[in-house]
Structures are given as C-alpha cells and as structure tokens.
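Pull up a chair and let's walk through a protein model together. We will take it one question at a time.

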Amino acid sequence: MRPLNVLVSLLASLGMTAHVLASEPQVNWPLPRAIAPPPAIALPRDTPYPGTIRLDVDASDAARGIHRIHETVPVRGSRHLTLLFPQWIPGDPVPPNALDQLAGLAMSANGKPLRWRRDAVESAAFHVDVPAGAHAIDLDFQFLVPADQRIGPVLSTPTMMDLQWQSHTLYPAGYYTRRILVAPSLTLPKDWQFASSLTGARRAGNTVQFSTVSLETLVDSPVMASRWMRQFTLSDDPVPVRLDVAADSEAGLEIPGDIVDQYRRAVAQAYKLFGGRHFDHYDMMLWMSDSFGPSYFEQRRSDESALPAAFFSNRERYKRSFGNPFHGFVHSWNGLFRVPAAMWTANFNTPPQDSLLWVFEGLTVYWNEVLNARSGIASREEALGVLETEISDVVNRPGLQWRTLQDASDQVNIQRGNGSIFPEGRRQPWPDWQLNNDEPYEQGALIWLDIDTLIRQRSKGQRSLDDFARGFFGVRDGSLVAAPYTFDDLVAGLDAVLPFDWKTFLLARVDSVGIKTDLDGIDRGGYRLVWSEDQSPTQRTRESRRGTADLRFSVGMTVAKDGSVTEVAWGSPAWNAGLVIGAKIVSINGRPFEAAEIKSAVADARPGDVLELRVARGSTEQQLSVALVGGLRYPHLERVQDAPGLLDDILEARH
Ligand SMILES: [Zn+2]
C-alpha cells in the first residue's frame, strides 16, 4: 500500500473520504449518515386470511365519478394491520393502479376513529394499530374517477361506468390474494343495468350483492354498468360467451348483424385454435362513447374495450381497428391462464417481471390478426394491410443495434406510462433509437410468424403453430386456475410440436444485439417486402387521418400540416441535417412551407440532391440542408409468384 492509499483507507475507516479532504475545508461537525429504512411489509403467504371482508361500493354518484367505499376488514387477535391499495394487476404489465385517486380515507373500530399512517417507503400501504377487543376495522374512503381525459382515464360518466374492483379496495398485507375472501356489493345509479363475470348477483333496488369470492377472482371480474346496455350471445357451446355493449344512448347500442356474425365466427375460430378454455362463461365488454376511456384491460373471464361511439356505424372507422376486442379474448389463454411464471404474482403489490412480454403481447397480436382473418372480421387483403402497417412501423429500428427485444420487455416496468399504450404519458425524443413498449407487441408478432411458417415448412404442412396453441394453451380444459410457464417450458412446448433447436432460434431473435427486424416469416410465407414511390390505399388513409406527411423512409421524418416535425428517424437524412421533433419548417427551397408541396419537393429527388429547409426552434431559426438519397419511398408486401403461400394458409378459416 502506498502512502496516499494508506491515508485514503484511514479516512474511509473514519467515515470520511478523500473527496471531502480535497474539496472541503476542515470540518468539525458530523457528516450525514443514512438511517435504516422502515421494516419491510409482510410478504404474501399462501395461507387463508381469517374471516370474510365486506366491501360495499356506492357508485350512485357515477355522474361525478365519486365512488364511496365502505369496507369491514375482520381482525383476529392481531395488534397491527397493514392495508394495501392494489398496484399491479394481472394481465396489465404496464401501469400501476391510480393511488392518487384514493381520498377521504378514515379508519375506525367499534365506532371509534383510529389514526392510520402511510408507509414511509411503500406509498400504497397504510398501517393502523388494532385496539384491544376490536374484531374488525371499518374503512371509509372514496375513489375519485377523473371526468376529463387530460386528468386520467374517464371510467365513470352520467351514462356509463367501468367498475374495476382493484381501485375500490384495500386489502391486508401478508396473504395470497386467492386466500382472502370478499363479499362485494355495488350500488348503481337509478335505472342502470350491469354485466360482469361475477356470479350469484341478487339485486334489491339499485344495490347488487354478489357471491363471496376470493380477492383474486374479484379483481378479475370488473362490472360494466350503464343506463343503456345490450347483450348479444356469441357462443353457447360449451359455455356462454357474451358481448356486452354500453352506449350513451339507446341508438348507440346498434351493432350491424354481419359484424355480430363475424364476432361469433371469431369465437368459434378461437375455440378451434385453442381447444380447451379456462372460463365457465365469458363477457366481452364494449363501451361505445367518445367521452369514455381509455380502457383496454383483459381478465380470464372478461375483457374491457372503450371504443368510439361510431366504431360500428362508421365502416371506415371500424376497419381501422376492427379486431381490437379479440386481443383481450386471446389473452384469456395467453397471459391470464398460461402466464409467464415471473409475471404471476401472489398479491397485487408485487411488481411483475415482464421478461416474456414478447410472448404475452407478441403472440397475442399475432393470433388476434390470424383470428380476424379466419373469422372474416378482416378480408385477406385487410389482414395483409394490417401486417404491412405493422412492419412499416418497426422495419427500421436502429435501436436493435444496442438493445434486445428482451431488454425492451424487461424495461416495461420502469418505463410505465411511456410509449403509445398510454399516449398521455411521457414520450421519447428518439423512439426508433430508444425502442419502446411497442417492440414486444410488433417485433414479437413477427417472430411468431417466423415460428409458424418454419413449423409448417419443416413439417411439410403437417404441423403448425395451431398445434402449439392446443398443446400449450388449450390444456387443462375447464380449469380456472392459472398455469405459469418459464422460457424452458416454452422451448419444450415448441419442441413437442416440431423437434428443433428452439432455444438457439429464440435467443438469436430475442436476446441478441445487432439484429434486424425479423422478416423471415414474411419471406417463408410467400411474400416479400418491396419498396416503391407509391403509397398503398391503407398508407394514404392512415396519412390523411393523422394529418401528417409520411416521409419516414425517404427523408426520415413525418411532418404535420403546419410544418411541425412530428418524428425524426435516427441516422436518416433528416437526422443528419439536424432536424428534431418539435422543429417547425418555415420554408422549403426558399418557398414558404405548404403542406401539399412537401412531398413534391422530394418526389423527383436523386441521390445527392439537397432539400434546403428554414426551420424555427422557438424564437430562433436555423437553415438546414438535407442531403437526399432519392425520392419518395414506401414499403409494401408483395406476393412472390409460385412460392408456397404459407401466409395465405395461416389466414384461412379452419373447419
Ligand atoms: Zn395485450
């Protein structure tokens, strides 16, 4: 040890550092010391909670979104109770539940008020001492639902409501949620109807008492309620699948008969795909309103979709996202019944680990699209159009040079509220370089197309991903209990369909740096990605709907009608020139900016041509020269003549 090191280690042993010595004057007062964190909250144990919690939710003031909750939590001999507000909900890997909407919390025992204290570290935990002789703690609080989407999801209005139990309950720490029993009741506004996957409903006036269930089942069973509701039967065989529709008016409940038939065929095709099912009945719930939502959630026995009022009546609107409700239906198998083991949690305050999100979401996106085509919800051309759009969104992902799809799955936990799932959340400055929550969905779906076509090719058409659906997701028919799986289980499940080195195959696509978007499934499917200067009708529609010129694949940016740059591709000509999101183009090649002219300025460009842009950044202006590499460019899926049409086969209805 050299003399200086001796000094450093001497100072370190005294709790001082060389940095302090070097930059601070000699001090005689004590240096700050970290104090120990508060005691950890009890981990959930697989043991029954003694007694049944009574939970009464009064949502009669749905119009203002003020939901009043009274809850009685039995206590047997314990002197201290820690109550948790649910944060992480199965099937919902991204956002924590809205803790800041809980208000008015008061606790009492035998009519005497009790002081509670929030945990200093876990904000969703509340501590209270139980007085001697008390058999229960009474809780009163409100859940305040935003009335404006700028504040948060609008799930309660004068005409409709999505009652999610996880926002209306506090539950004792230390127990698996499946071991906590709850007797729930719900008071509705006068004359409202309701639907739910909960059973045993008894209605007296406006109050509905449901059968006692575990907290796990309760949170899995939201209640749709509305002044105007209608129910369609999508299947009766072997168990009921219902389409529940709520609307702002009676007229809003209309769904064209041909669409209901398509939905019925989609349920039938899902049954053919998976074989077994893991619900005793299922409620597909649709809220049709322009002032409701956003709400897209899925449970084992129901799913929730908030849709525009004109979703079904305006075919143009419908075609944009026709198959959305079936995303949640596929999740009943992929994500809720078969759940990634690290994503399954024993209670609602344990963060899930999302490492297999590329299966959870990617395979759901893939099968959602397959079912759309097989049921006729989408024609083959429309299904291919959706695929083409998806590919064009992710084909150029320079971020794959430094991040893996695995990493984009792992990061969802810490990046909540970002990306396009929750548009009100923080956006990224350079999405294609940073990668976001979309990757597990869209890149994931392309990997599953790769796998499906590979199985079909290597087995000479004898086997397909449909066999994997039955063998991995359709097992234990009728079971209502989740069946967690690991990456190794997944590999074994694929191997049972077709012996192959799936582990190497998957790791190369999911956990390798420096790869490109996986288009092998497209090529093997009998199609190829080609580029042309013309836009497809889908691309034109999308562009006019968004009100932006799509120059992502030529200049490397998208531009709004007022000249604002809304997207810049990392490493593109626009990026090289210094453009950023938020810059506003004032003039092009010396002429004032006109939305209609930006494309023609690029249309006939040759490599080496320069686009001179005058750009405003706040009160300053810049002159930027964009060195073009050519004219307009758009991606298209094109059928390869004479190649086997595996993709066409995949999209074909099963009989
Ligand atoms: Zn999903």
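Below are some questions and answers on this predicted model.

Q: How does the radius of gyration of the chain relate to the globule rule for 655 residues, and what is its value?
A: The chain holds 20 helices and 30 strands. For 655 residues the globule rule gives 26 Å, and the chain comes close to that, so it is as compact as a globular protein of that length. The radius of gyration is 28 Å.

Q: What percentage of the residues of the chain count as buried?
A: Along its principal axes, the C-alpha trace spans about 85 × 85 × 55 Å. Among contacts with a separation of 6 or more, 69% come from residues 24 or more positions apart. Of the 655 residues, the buried share is 42%.

Q: How many Å separate the centres of domain 2 and domain 4?
A: The chain is divided into domain 1 (1–33), domain 2 (52–226), domain 3 (266–524 + 647–655) and domain 4 (537–632). Taking the centres of domain 2 and domain 4 over C-alpha atoms, the separation is 51 Å.

Q: Which side chains of strand β1 point to one face and are buried?
A: In a regular strand, side chains alternate between the two faces of the sheet. Strand β1 (residues 52–58) shows this alternation, and Thr-52, Arg-54, Asp-56 and Asp-58 point to the face where the side chains are not buried. The buried ones, on the other face, are Ile-53, Leu-55 and Val-57.

Q: Which residue of β11 is the bridge partner of Val-57?
A: β1 has pairings with two strands to look at here. With β2 (residues 66–74) the sense is antiparallel, over five bridges, and Asp-58 stands opposite Arg-68 there. With β11 (residues 181–187) the sense is parallel, over seven bridges. In β11, Val-57 has as its bridge partner Leu-186.

Q: In the open sheet of β9, β16 and β12, which are the edge strands?
A: The three strands follow the order β9-β16-β12 with antiparallel pairing. An edge strand here pairs on one side only, and this holds for two of them: β9 (160–163) and β12 (193–196).

Q: Which residue in β16 is the bridge partner of Ala-195?
A: Strand β12 and strand β16 (residues 223–226) run antiparallel and pair over four bridges. Within β16, the partner of Ala-195 is Met-224.

Q: By what angle are neighbouring strands turned in the sheet β23-β24-β25, on average?
A: This open sheet of three strands has antiparallel pairing. Its edge strands are β23 (548–551) and β25 (565–568). Four bridges join β23 to β24 (residues 557–560), with Leu-551 partnered by Met-557. Direction ignored, the average turn between neighbouring strands of this sheet is 10°.

Q: What distance separates the end C-alpha atoms of helix α12?
A: Helix α12 (residues 438–458) is mostly covered, with 18 of its 21 residues buried. At 1.5 Å a residue, its 21 residues should span 30 Å, which agrees with the distance between the end C-alpha atoms: 30 Å.

Q: Is Asp-432 buried or exposed?
A: Asp-432 is found in helix α11 (residues 431–434). Leaving aside residues up to four places away in sequence, Asp-432 touches Asn-396, Arg-397, Pro-398, Gly-399, Ala-569 and Trp-570. The cut-off for burial is 20 or more other C-beta atoms within 10 Å. Asp-432 has 23, so this residue is buried.

Q: Which residue is joined to Pro-294 by a cis peptide bond?
A: Most peptide bonds are trans. One cis bond, with omega about 0°, joins Asp-237 and Pro-238, and Pro-238 sits in the loop between β17 (228–235) and β18 (241–247). Pro-294 lies in the loop between β19 (282–288) and β20 (296–298), and its cis bond, with omega about 5°, is to Gly-293.

Q: Does Asp-191 count as buried or exposed?
A: Asp-191 lies in the loop between β11 and β12, and its phi is positive, about 70°, although it is not a glycine. A residue is exposed if 12 or fewer other C-beta atoms lie within 10 Å. Asp-191 has 8 such neighbours, so it counts as exposed.

Definitions and conventions. Residues numbered from 1 in each chain as written. Predicted model: local features only at pLDDT ≥ 70, side-chain atom pairs only at ≥ 80, totals over all residues. Pairing = 2+ DSSP bridges. Domains from an automatic or database assignment. Rg over C-alpha atoms; globule rule 2.2 N^0.38 Å. Contact = placed C-beta atoms within 7 Å. Expected span 1.5 Å × (residues − 1). Axes fitted to C-alpha atoms, helices over the stretch in contact; angles between N-to-C directions.
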